[in-house]
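Visitor: Please take one part of this model and go through it closely. I would like the geometry, the packing and the side chains in one connected account.

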Amino acid sequence: LINTDMLIEKPYFNYEAMRTKSYAAACLANWVVNIITFHKIWKKVAPLMQKVKGAKEQTEKAERDLGEVRKHIREVEEDCAALDRQLMEALADKNNVENQARLNQKKLTLAERLVNNLVDENE
């Protein structure tokens, strides 16, 4: 292909110049020029196509990994929501116990006052 560049650069090696000699030679010259042009373009495009293929594979893998990470995040968020519900229930239970303890403490205080007053009356 190195020598073909010199050949297709000649002023007579094109369709129009060859057409004056022979239609078959003109078509053949046109074919040679097009094949060489295609080959030059292909040499540039083929590595780019390989890079695109590699990038697509990498993107697909990254998307699969991202899907797994999102699934894991969803599971963790569900666990956090369940723990939040448990915390709220525990806080409600704690508040109920504290309220009951205050009420019982009031009752105990009133009972002690009553007992003390009754003891004072008996004396």
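Guide: What follows is a close look at one helix, α3. Keep in mind that the model is predicted.

Start with the extent. Helix α3 covers residues 23-122. At 1.5 Å a residue, its 100 residues should span 148 Å. The C-alpha atoms at its ends are 142 Å apart, which agrees with that expectation. A pair inside the helix gives another distance. Asparagine 30 and glutamate 112 are 82 residues apart along the chain, and their C-alpha atoms are separated by 118 Å.

Next, the bend. At tryptophan 42, α3 bends by about 30°. Tryptophan 42 also belongs to an aromatic pair. Searching the whole structure turns up one such pair. Its members are phenylalanine 38 and tryptophan 42, with ring centres 6.1 Å apart and planes at 15°. That angle is under 30 degrees, so the pair counts as stacked. The two residues are four apart in helix α3, which means about one helical turn separates them. How accessible is each partner, phenylalanine 38 and tryptophan 42? Phenylalanine 38 has 51% relative accessibility; the cut-off for exposed is over 50%, so phenylalanine 38 counts as exposed. Tryptophan 42 has 41%, so tryptophan 42 counts as partly exposed.

Now the packing. Which residues of α3 are buried? They are Ala26, Ala29 and Ile36. These buried residues pack against α1 (2-8) and α2 (15-19). The largest nonpolar core has six residues: Ile8, Phe13, Met18, Ala26, Ala29 and Ile36. Helix α3 supplies the largest share of this core, three residues. Take alanine 29 as a single case. Setting aside neighbours within four places in sequence, alanine 29 is in contact with Phe13, Asn14 and Met18. Of these, Phe13 and Met18 are listed in the core.

Other positions are partly exposed. Asparagine 30, also found in α3, has a relative accessible area of 33% and is partly exposed. Cysteine 27 is partly exposed too, at 31%. Cysteine 80 has 40% relative accessibility, so cysteine 80 likewise counts as partly exposed. Both 31% for cysteine 27 and 40% for cysteine 80 fall between the cut-offs of 20% and 50%. As for sulfur bridges, a search of the whole structure finds zero disulfides.

To put the parts together: α3 has its buried residues at Ala26, Ala29 and Ile36. The stacked pair is phenylalanine 38 with tryptophan 42, and the bend of about 30° is at tryptophan 42.

Terms used:
Residues numbered from 1 in each chain as written. Predicted model: local features only at pLDDT ≥ 70, side-chain atom pairs only at ≥ 80, totals over all residues. Heavy atoms only, no water. Buried < 20%, exposed > 50% of the residue type's maximum accessible area, 1.4 Å probe, protein only. Disulfide = S-S within 2.5 Å. Core = buried A, V, L, I, M, F, W, Y, C linked by side-chain atoms within 4.5 Å. Contact = heavy atoms within 4.5 Å. Phe/Tyr/Trp six-rings, centres within 6.5 Å; stacked < 30°, edge-to-face > 60°. Expected span 1.5 Å × (residues − 1). Bend = angle between axes of the 7 residues up to and from the residue.
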